[in-house]
Amino acid sequence: MKRIVSGIQPSGTLTLGNYIGAIKRFVELQQSLPDCEFYLFVADLHAITVPQEPSEMRRRIRDVAAMYLAAGIDPDRTVLFIQSEVKEHAELGYLLQCNTYIGELERMTQFKDKSKKQEAGITSALLTYPVLMAADILLYDADAVPVGEDQKQHLEICRDIAIRFNNRYGEFFTVPEPLIPKVGARIMDLQDPARKMSKSAESDKGLITLYDDPASIKRKIKSAVTDSLGLMNYDEEAQPGLANLITIYSVLGGLSPEAVVAKYQGQGYAQFKEDLGNLAAESIGALQQKYQEIIASGRLDEILDRGRDAAHLYASRKMEKCKRKIGLGRIRK
Ligand code: AMP
Ligand code: TRP
């Protein structure tokens with residue numbers, strides 16, 4: 001059976017970018033692929049590669065898990081768990097580090113960006129982050145990994161690590177395919193459409209979070225940077241701000257970008273922005289309501305316990321075989 005694996009870090013407030021690029025996509029895959037198995041986790045070990053406030057992070061770990069469910073992840077068809085509760089992730093991460101070169105990690109764009117921003121020391125885990133990510137994926141023999149555009153390079157190194165390991169020790173890891181959406185793989189900052197909308201942005205003016213109230217969602221969309229051309233057109237180069245808004249409308253409204261352009265042809269940006277503000281406020285409002293229901297239901301811990309046990313069962317078997325392949329441990333008579 002094909003297996004699909006993905007995760008999100010609990011490192012900041014979830015954004016509309018996370019929702020469109022990753023969470024919503026995962027839900028759609030689950031609905032359209034009844035024959036696949038789904039593993040989905042909260043990547044808390046990844047979050048601590050940069051400093052985190054412990055009590056804040058504990059809260060966010062639950063938040064991410066609840067938001068996955070609010071978005072429509074089916075808990076009966078998903079192994080939903082917290083990464084640090086399955087110790088094999090860190091264990092395999094180490095074994096894979098022994099098959100990864102410093103040079104290839106230093107070339108990662110995200111490492112270069114993040115280490116530039118880091119004021120205090122840069123941890124060694126920030127460098128080895130993609131190896132842990134490879135462990136998350138290879139541990140479950142994932143066939144496919146749905147992520148946003150920013151993770152493409154990490155998926156490539158994961159494939160390289162798997163292929164190298166297989167060449168060295170014999171076929172062992174499944175080489176995964178990235179699943180990057182055609183529309184919405186990179187939602188941009190509303191104030192600076194050259195930058196990705198990110199949980200770690202300095203200002204929240206260009207950032208819509210999944211916890212924003214309707215008034216601020218509408219306000220942020222209304223004040224989103226566009227251009228002075230006044231033409232309804234999807235052109236990422238010449239009109240990047242508008243293209244980003246069209247993308248958001250397209251995904252939330254279930255229309256192709258061309259259909260959105262056609263719908264608003266000949267109208268100014270104001271009407272389009274107003275409608276998009278309403279659409280986004282409605283979508284996020286519905287998500288928040290479900291989120292509250294999930295928190296109130298008290299089912300989250302039971303789902304996460306079940307997820308942890310199922311993930312551990314798979315991971316521990318794979319890990320044992322992996323150690324044997326490498327030649328670790330004792331000879332068994
Ligand atoms: P992170 O917040 O870095 O843990 O990312 C979690 C998931 O959301 C990954 O699959 C990212 O690729 C995706 N993602 C994050 N930001 C964006 C964005 N601005 N547009 C589209 N996808 C995103
Ligand atoms: N690094 C990913 C991100 O920042 C999160 C992540 C960790 C992940 N492990 C993963 C995504 C495994 C997919 C598969 O977005």
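The legends below describe close-up views of a predicted model of a protein with two ligands.

**Figure 1. Domain assignment of the predicted model.** The domain assignment divides the protein into domain 1, comprising residues 3-185 + 299-326, and domain 2, comprising residues 214-293. The C-alpha centres of domain 1 and domain 2 are separated by 30 Å. Eleven residues from domain 1 and ten residues from domain 2 take part in the contact.

**Figure 2. Buried area between domain 1 and domain 2.** Between them, the two domains bury about 1,000 Å², and carbon and sulfur atoms account for 83% of this area. On the side of domain 1, the residues that lose the most area to domain 2 are Leu16, Ala70 and Val183. Together, Leu16, Ala70 and Val183 contribute 44% of what the domain 1 side buries.

**Figure 3. Polar and charged features of the domain interface.** Zero salt bridges are found across the interface of domain 1 and domain 2. Two residue pairs are in polar contact between domain 1 and domain 2, with both pairs at pLDDT 80 or more. On the side of domain 1 that touches domain 2, helices α1 (16-32) and α3 (54-70) each supply at least two residues. Classified by residue type, this side of domain 1 has eight nonpolar residues, one polar residue and two charged residues.

**Figure 4. Surroundings of ligand 1.** Ligand 1 is surrounded by 17 residues, of which Gly148, Asp150, Ile187, Met197 and Lys199 are the closest. An N or O atom in the side chain of aspartate 150 is placed 2.4 Å from an oxygen atom of ligand 1. Backbone atoms also take part in the view: a backbone N or O atom of glutamine 9 lies 3.0 Å from an oxygen atom of ligand 1, and a polar backbone atom of glycine 17 is 3.2 Å from a nitrogen atom of this ligand.

**Figure 5. Surroundings of ligand 2.** Around ligand 2 there are 13 residues, with Gln9, Tyr129, Met133, Asp136 and Gln151 as the closest. Three side chains place polar atoms at the following distances from a nitrogen atom of ligand 2. For aspartate 136, the distance from a polar side-chain atom is 2.6 Å. For tyrosine 129, the corresponding distance is 2.7 Å. For glutamine 151, an N or O atom in the side chain is 3.3 Å from a nitrogen atom of ligand 2.

**Figure 6. Salt bridge between glutamate 37 and arginine 3.** The structure contains 20 salt bridges, including the pair formed by glutamate 37 and arginine 3. The closest N and O atoms of glutamate 37 and arginine 3 are 2.8 Å apart. This pair links distant parts of the chain, as glutamate 37 belongs to strand β2 (residues 37-42) and arginine 3 to strand β1 (residues 3-8). Along the chain, the two residues are 34 residues apart.

How values were computed. Residues numbered from 1 in each chain as written. Chains lettered and ligands numbered in written order. Predicted model: local features only at pLDDT ≥ 70, side-chain atom pairs only at ≥ 80, totals over all residues. Heavy atoms only, no water. Domains from an automatic or database assignment. Contact = heavy atoms within 4.5 Å. Buried area = accessible area lost by both parts, 1.4 Å probe. Salt bridge = Lys/Arg side-chain N within 4 Å of Asp/Glu carboxyl O. Polar contact = N/O pair within 3.5 Å; in protein donor to acceptor, adjacent residues only side chain to side chain. Helix = DSSP H or I, 4+ residues; strand = E, 2+ residues; numbered from the N terminus. Nonpolar A, V, L, I, M, F, W, Y, C, P; charged D, E, K, R; others polar. Near = heavy atom within 4 Å.
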